[in-house]
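Biologist: I have just opened this entry and would like a quick tour. Can we go through it by question and answer?

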Amino acid sequence: MGDSAVDCRHLVTGAPMEERRRSPRTRVVELVYMNMQPENGGILLDVSSTGLGFQAAGPIATGEQIHFRLSAGWIDGIELVGDLMWLDNARKRGGLRFGQ
């Protein structure tokens, strides 16, 4: 599939992409900030019972657990740990699986 992080085959064939997640994700309607890694942050894109999708301001280091804190109007200071499951080519958009 090359260097691309996106599988576009379903756009050509009309066949749905295979869903590999155990729990379907739900898009976040309100803006939720993620404070992660020293001097990096981002926003929460979607969430499930086992993980989340995010968009970071700066590149994320690969191959490590991510410690982060969620902040929004209705939440503040929820601290979590997630295993980095994937990143796009820019290393700014990715997915985390919640730590055990």
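Biologist: In which sense do strand β3 and β4 pair, and over how many bridges?

Modeller: Keep in mind that this is a predicted model. Strand β3 covers residues 40-47, and strand β4 covers residues 51-56. The two form a hairpin with 3 residues between them. Their pairing is antiparallel, over 5 bridges.

Biologist: Which residue in β4 stands opposite Leu 44?

Modeller: Leu 44 falls within β3, residues 40-47. β3 pairs with β4 in the antiparallel sense. The residue opposite Leu 44 in β4 is Phe 54.

Biologist: Which residue in β7 is the bridge partner of Leu 52?

Modeller: β4 also pairs with strand β7, residues 93-98. That pairing is antiparallel, over 5 bridges. In β7, the partner of Leu 52 is Leu 96.

Biologist: How many of the 6 residues of strand β4 are buried?

Modeller: A residue is buried when its relative accessible area is under 20%. Strand β4 is largely enclosed by the rest of the structure, because most of its 6 residues meet that mark. The number buried is 5.

Biologist: Now the charged side chains. Which residues are linked with Asp 46 in a network of salt bridges?

Modeller: Asp 46 meets Arg 25 in a salt bridge, at 3.2 Å from N to O. That pair links distant parts of the chain: Asp 46 is in strand β3, and Arg 25 is in the loop between α1 and β1. Asp 46 also meets Arg 27 at 4.0 Å, N to O. The residues linked with Asp 46 are therefore Arg 25 and Arg 27.

Biologist: Is Asp 46 buried or exposed?

Modeller: The cut-off for buried is under 20% relative accessible area. Asp 46 has a relative accessibility of 11%, so the verdict is buried.

Biologist: And Arg 27, buried or exposed?

Modeller: Exposed means over 50% relative accessible area. Arg 27 has 59% relative accessibility, so the class is exposed.

Biologist: Which strands hold Asp 83 and Arg 97?

Modeller: A search of the whole structure finds 3 salt bridges. In one of them, the side chains of Asp 83 and Arg 97 meet at 4.0 Å, N to O. The pair ties together parts that are 14 residues apart in sequence, because Asp 83 and Arg 97 lie in strands β6 and β7.

Biologist: What is the relative accessible area of Arg 97?

Modeller: Its partner Asp 83 counts as partly exposed, at 23% relative accessibility. Arg 97 is also partly exposed, and its value is 37%.

How values were computed
Residues are numbered from 1 along each chain as its sequence is written. This is a predicted model: local features need pLDDT of at least 70, side-chain atom pairs count only at pLDDT 80 or more; totals for chains, interfaces and linings use all residues. Side-chain values use heavy atoms; hydrogens and water are left out. Buried means under 20% relative accessible area, exposed over 50%, partly exposed in between (1.4 Å probe, protein chains only). Helices (H or I, at least four residues) and strands (E, at least two) are DSSP runs, numbered from the N terminus. Two strands pair if DSSP finds at least two bridges between them.
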